[in-house]
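Reader: I would like a close look at one part of this structure, taken slowly, residue by residue. Please start with a single loop position and then work outwards, so that I can relate it to the rest of the chain.

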Amino acid sequence: MIETALHENIDSVKLNNLMDAVLHQYQHIINEQDVATLSSENIIEYIVRYYEDIISCMPGNVYWLDKHGIAIGCNKNVLDMFGLKNLAEFKGLTFEAMGRIGQWSVEATQSFKNDTLNVIHTGKPKLNIEEPAIPHHDGRIIYFLTSRVPLFDQTGRVIGVVGISVDISEHKRTQLALEKAKERAEAASHAKSEFLANMSHDVKTPLSGIIGIAELLSARVQGEDREFAHTLLASGRQLLSFFDNCLEVFKLENGDITLLTEIFNLKDVLDEICDLFKPAVRAKELALNIYFHDLMPNYILASRAGIYRTLLNLVGNAVKFTHQGSITISADFIEKNAFGEAKIQLTVKDTGIGIAKNKQKDIFERFTRLIPSYKGTYEGSGIGLYIVQKFVMAMQGEVYVNSEEGMGSEFVVLLPVQIATKKPISSDKNATRILLPQVPYKKLRSAVTEKQAPKILLVEDNTITQWMQSSLLSSIGCQVEVVDSGEKVLEVFEPGKYDLIFMDLGLPGMQGDAVSNYIRKREEGGNVHVPIIALTAHTTESISKHCLTTGMDCVFSKPLLRDQIKQIIDHYL
Ligand code: ADP
């Protein structure tokens, strides 16, 4: 084109002037001695090569095409990618020809062509487009991030397009490897959850049988046999508590426990904890004191469950590791701001065996016990403080210990809370105790309230659990009907027929959630609502939420002990 212009459109005077101007502008790149010997064409060539050399050294792939998408020029990287020796081999290639030489897939060729033509037609650049992967001449697969920019002539018409592609293969490979690793981690986590769910079911179902039968036996037999039954019951409960603690650790580590905030009276929680430990404290002849700061507001917005669990573990330890003296639980008000945000301090202080300074960091590690179980002095699993720490962290608080060996211990929990001006809508003092870590239940009207013996439908497929639960229910004066599948519920259920339903979630065939849905549909339009209590060996936040959405009233972790059954019956009926 330049040559044509030189020969046809420009007369020699103009050409000389033009050359002078060019030489002046490019004097830094053309050797002074060469100037005299170079023809006009040579000078132009000199300059063009100069720029081609610059482009050639540019990193990434640089190429430019005419307004029909036909190749005009490119840098060395593009030639290397195609395995071409020189620019002449690149010039004039169509996308189809490039695709053949480069062994691009049909989709890749089409995608490059479409994007290029789109830039030419719209005159708008397309920036940072992640391109389909293509092979390099050396066998590697390469990934590009490409920007295509239109080239305009002086009148503003598009005369072509320049493409700049950056090789992102390394980054892409890392990203793909990360995605694979994430997929594998998710699959592993899923397998772990499945395993836990299965194990919970497989361990808890027979354990429920053992505990339930031991409870029944303790109530029936006398003398030495009663002692045996008590021991059996205590051992079963200990095993269950250990198992539940382990499950809780797994759930905490899986992020399966989320702490919901609610408005509640902190004093009530402290009283509940005290009531719970009174028998043990009395048996050890200890004093149990509560201090409640004068400025502590009546109601706070915080995680009741989190605070309850924290205190439960700390007071439990204080009772366990103290043999004389006292245990003091204090709730102090530290500070508040104008927005009602406050900081409170909960302290559990004991006069027990204390903890050596150099061991105080270790005790928050999971499964750490300073006095190992084989010494047989104290029961425990070394998980309590780990759980406390996780709960406190989830509540954005902090926990630390002040202690010296033989001098008692003081566990301090600092928590941010919100001061609440209103009372909670309904506060049920016992709800936390019997339901934790399950979902708080709603108080609902049952169909039949006047009858003496409440009619209970027990939906359970495991024969030992069936026998054990129905015996426990009968022993507290309930009339029990047992069915072993969801399908049978459809046969026997009539609205208003039962006062309460215990529903196992994992049934063969139709599952507990679908059965509940069915029951709620049958009740629609009438004014009865039978409380449905879901029972599962593996409670998680998501299972609990799901149960509530399918019409169940609350979720309990198996096994249901006699006291819990009594409290449920009292509460609902
Ligand atoms: P567990 O009590 O089940 O062993 P924890 O995680 O609750 O597990 O406690 C870990 C260890 O910290 C205990 O085994 C005990 O050695 C020590 N510890 C915890 N609380 C106290 C306390 N109040 N007094 C003395 N030692 C304690």
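Author: Leu38 sits in the loop between α3 (32–37) and α4 (40–56), and, since everything here is computed from a predicted model, its position should be read as a prediction. Setting aside residues up to four places away in sequence, Leu38 touches Ile30, Ile43 and Tyr46. A partner at a greater distance can be used to place this loop: the C-alpha atom of Leu38 is separated by 32 Å from that of Thr155, a residue 117 positions away along the chain.

From that loop one can turn to a strand position, Arg148, which belongs to β6 (residues 144–152). Is Arg148 buried or exposed? With a relative accessible area of 3%, Arg148 is buried, because the limit for that class is under 20%. Once its neighbours within four places in sequence are left aside, the contacts of Arg148 include Tyr63, Phe112, Asp115, Thr116 and Val119, and on the list one also finds Pro125, Lys126, Glu131, Val161, Val162 and Gly163. For Val119 there is a backbone distance as well, since its C-alpha atom is 7.0 Å from that of Arg148, although 29 residues separate the two along the chain.

Two further strand residues can be treated in a similar way. Leu301 is part of β10 (residues 299–302) and, at 32% relative accessibility, counts as partly exposed. Not counting residues up to four places away in sequence, Leu301 touches Thr261, Glu262 and Ile263, and also Val417, Gln418 and Ala420. The C-alpha atom of Pro416 is 9.7 Å from that of Leu301, with these positions 115 residues apart along the chain. Glu410, for its part, is placed in strand β14 (residues 409–420), where its relative accessible area of 21% makes Glu410 partly exposed, the dividing value for buried residues being under 20%. With residues up to four places away again left out, Glu410 touches Thr347, Val348 and Lys349 as well as Tyr400, Val401 and Asn402. Between the C-alpha atoms of Glu410 and Gly352, which are 58 residues apart along the chain, the separation is 9.9 Å.

Back in the loops, two residues deserve a note on their backbone angles. Most residues other than glycine have a negative phi. Gln103, which is not a glycine, has a positive phi of about 55°; it lies in the loop between α7 (95–102) and α8 (106–122), and at 63% relative accessibility Gln103 counts as exposed. Glu285 likewise has a positive phi, near 55°, and is found in the loop between α11 (266–283) and β9 (287–292), where a relative accessibility of 70% places Glu285 among the exposed residues.

The cysteines call for a separate comment. How many disulfides does a search of the whole structure find? The search finds zero. Cys547 has its closest cysteine sulfur in Cys554, at 9.7 Å, which is too far for a bond, because a disulfide would require the two sulfur atoms to lie within 2.5 Å. Cys554 is accordingly in no disulfide. Both residues are shielded by the protein: Cys547 is buried at a relative accessible area of 1%, and Cys554 is buried at 0%.

Finally, these positions can be set within the whole protein, which has 19 helices and 19 strands. Its radius of gyration is 39 Å, well over the 25 Å that the globule rule gives for 573 residues, so the protein is more spread out than a compact globule. The C-alpha trace spans about 125 × 65 × 50 Å along its principal axes. Of the 573 residues, 43% count as buried, and among contacts between residues at least 6 apart in sequence, 63% join residues at least 24 apart. The surface that the protein exposes amounts to about 30500 Å², of which carbon and sulfur atoms supply 54%. As for charge, there are 59 positive and 71 negative side chains, and the centres of the two sets lie 6 Å apart.

Methods:
Residues numbered from 1 in each chain as written. Predicted model: local features only at pLDDT ≥ 70, side-chain atom pairs only at ≥ 80, totals over all residues. Heavy atoms only, no water. Helix = DSSP H or I, 4+ residues; strand = E, 2+ residues; numbered from the N terminus. Rg over C-alpha atoms; globule rule 2.2 N^0.38 Å. Buried < 20%, exposed > 50% of the residue type's maximum accessible area, 1.4 Å probe, protein only. Contact = heavy atoms within 4.5 Å. Areas by Shrake-Rupley, 256 points an atom, 1.4 Å probe, with all protein chains shown as cover. Lys, Arg positive; Asp, Glu negative; His and termini not counted. Charge placed at Lys NZ, Arg CZ, Asp CG, Glu CD.
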